[in-house]
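Trainee: Could you take one part of this model and go through it closely, strand by strand and helix by helix? I would rather have one connected account than a list.

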Amino acid sequence: MKILFLGASNTDCDHCFSEDNLGYGYVKMVHDLLQTAQKNIPSKISLSAADCSLQIHAGHSGTPSSLPKGVCTSTIIINGGTDGFTFPRIYRKWEQNWKGTAFDAVFILGGINEVGALMDSGMDETSHRELLQHSADALSSLLASLSVSGCPQIFVLEPFLFDTPEYLKSWMETLEEVREMIRQTVASHRGNILSVSDLSSNSEFPVHFDRITKSVLPAFFSLRTDSGFHATPDHMSADISRIQTVQNSFCRVHLLPTQPLLDDAVQKAEISEITKDGIHLAQEGHRVLAEMIVNLIDTMNTARRIANVNNC
């Protein structure tokens, strides 16, 4: 699999200054959790080259030093976060660096810098609305461009804040405005708004994703190659309309609520373990996000294995 993470400071986490270019936050943790999990998978169910951007046998004791930076077993991870970015700049970075690249999944964590800009600028109501609209347009363009590139799964993570320190309590109303803008934009792309129970590791998560796993994904992966969609010799009877139906059914946008998960983590630990300053995550907060994302990736990997079995 090939996965891209886009966002601002909580995604960036000094990745340009880390040896593996993954940073020191949840993106790095996702990489490490996937690598650990893959080492524990028996080699008899290792993913094939058709499934992965890079294949390493599951029984391998470690990632070879000759592999490119940012690579974990059977998965390529790219940290595309940049501190301070709003949605327009996130979209511009995508256009400049990866437009047209076929990722298996893209995760987007943005919106918090819109909140900061709205709170700190002292702009009037008209300028306030214009900034929100500009960001909505940029997010919409990003989602459209990702879909055109062939990315089958796009995950938009809602921005979060904590009410410590005290001054951040006055930001909450604006945070909700930005969240609503994101929700409406995702909905305009026929996106799914997931619930907290969908993201629980104890749930059969999520129901609609499970439906796709059992029905649409096997058909999708039987038709999709690195060069795009085509009817293989085994599927010569598949016509264009079927391929388009599979493609349109599979390209999904999901909105992930992060605040309830992080608030729950605060109830179980000291808030200083979850956030450094009410805006940026501490290590335990990054871990909460990373585990949620790994659950999602594991679901996608399961779908790929189902597709392989059906194609044998």
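**The paired strands and the helices around α4**

Mentor: Let us begin with a single pair of residues, for L157 stands opposite L256 in β9. The model is a predicted one, and this pair belongs to a longer match, since five bridges join β5 to β9 and the two strands run parallel. On β9 there is a second pairing to follow, because strand β6 (residues 192-193) also lines up with β9 in the parallel sense, over two bridges, and there N192 has H254 of β9 as its bridge partner.

How much of β9 is buried? Five of the five residues of strand β9 (residues 252-256) are buried, so the strand is largely enclosed by the rest of the structure. The burial holds on both sides: R252, H254 and L256 point one way, V253 and L255 point the other way, and all are buried. This can be read against a general pattern, in which the side chains of a regular strand alternate between the two faces of the sheet.

Going back to β5, we can walk to its other pairing. Strand β5 (residues 153-157) pairs with β4 in the parallel sense over four bridges, and here V156 of β5 is the bridge partner of I108. β4 in turn pairs with strand β1 (residues 2-7), again parallel and over five bridges, with F107 of β4 as the bridge partner of F5.

β4 can be examined in the way we examined β9. Five of the five residues of strand β4 (residues 105-109) are buried, so this strand too is largely enclosed by the rest of the structure. A105, F107 and L109 point one way from β4, while V106 and I108 point the other way, and all are buried.

Helix α4 is the next element to consider. Two packed helices are described by the angle between their axes and the distance between the axes. For helix α4 (residues 112-120) and helix α6 (residues 172-188), the angle is about 135° and the axes lie 9 Å apart, and the two helices are therefore oblique to each other. α4 passes α6 in a right-handed crossing. On the α4 side the contact is made by E114, V115, L118 and M119, and on the α6 side by T174, L175 and V178. Sorted by character, the residues of this contact comprise five nonpolar, one polar and one charged.

The packing of α4 with helix α5 (residues 125-148) is described in like terms: their axes come within 11 Å and cross at roughly 165°. α4 and α5 are therefore roughly antiparallel to each other, and their crossing is right-handed. E114, A117 and L118 of α4 meet H128, L131, L132 and S135 of α5, a set that divides into four nonpolar, two polar and one charged. E114 and L118 thus appear in the contact with α6 and again in the contact with α5.

Finally, the setting of this part within the chain deserves a word. The secondary structure of the chain comes to twelve helices and nine strands, and buried residues make up 52% of its 312 residues. Of the contacts in the chain with a separation of 6 or more, 73% are between residues 24 or more positions apart.

Conventions. Residues are numbered from 1 along each chain as its sequence is written. This is a predicted model: local features need pLDDT of at least 70, side-chain atom pairs count only at pLDDT 80 or more; totals for chains, interfaces and linings use all residues. Side-chain values use heavy atoms; hydrogens and water are left out. Axes are lines fitted to C-alpha atoms, for helices over the stretch in contact, and angles run from 0 to 180 degrees between N-to-C directions. Angles under 35 degrees count as roughly parallel, over 145 as roughly antiparallel, 65 to 115 as roughly perpendicular and the rest as oblique. A crossing is left-handed if the near helix is turned anticlockwise from the far one by less than a right angle, and right-handed if clockwise. Contact means heavy atoms within 4.5 Å. Ala, Val, Leu, Ile, Met, Phe, Trp, Tyr, Cys and Pro count as nonpolar, Asp, Glu, Lys and Arg as charged, and the others, Gly among them, as polar. Buried means under 20% relative accessible area, exposed over 50%, partly exposed in between (1.4 Å probe, protein chains only). Two strands pair if DSSP finds at least two bridges between them.
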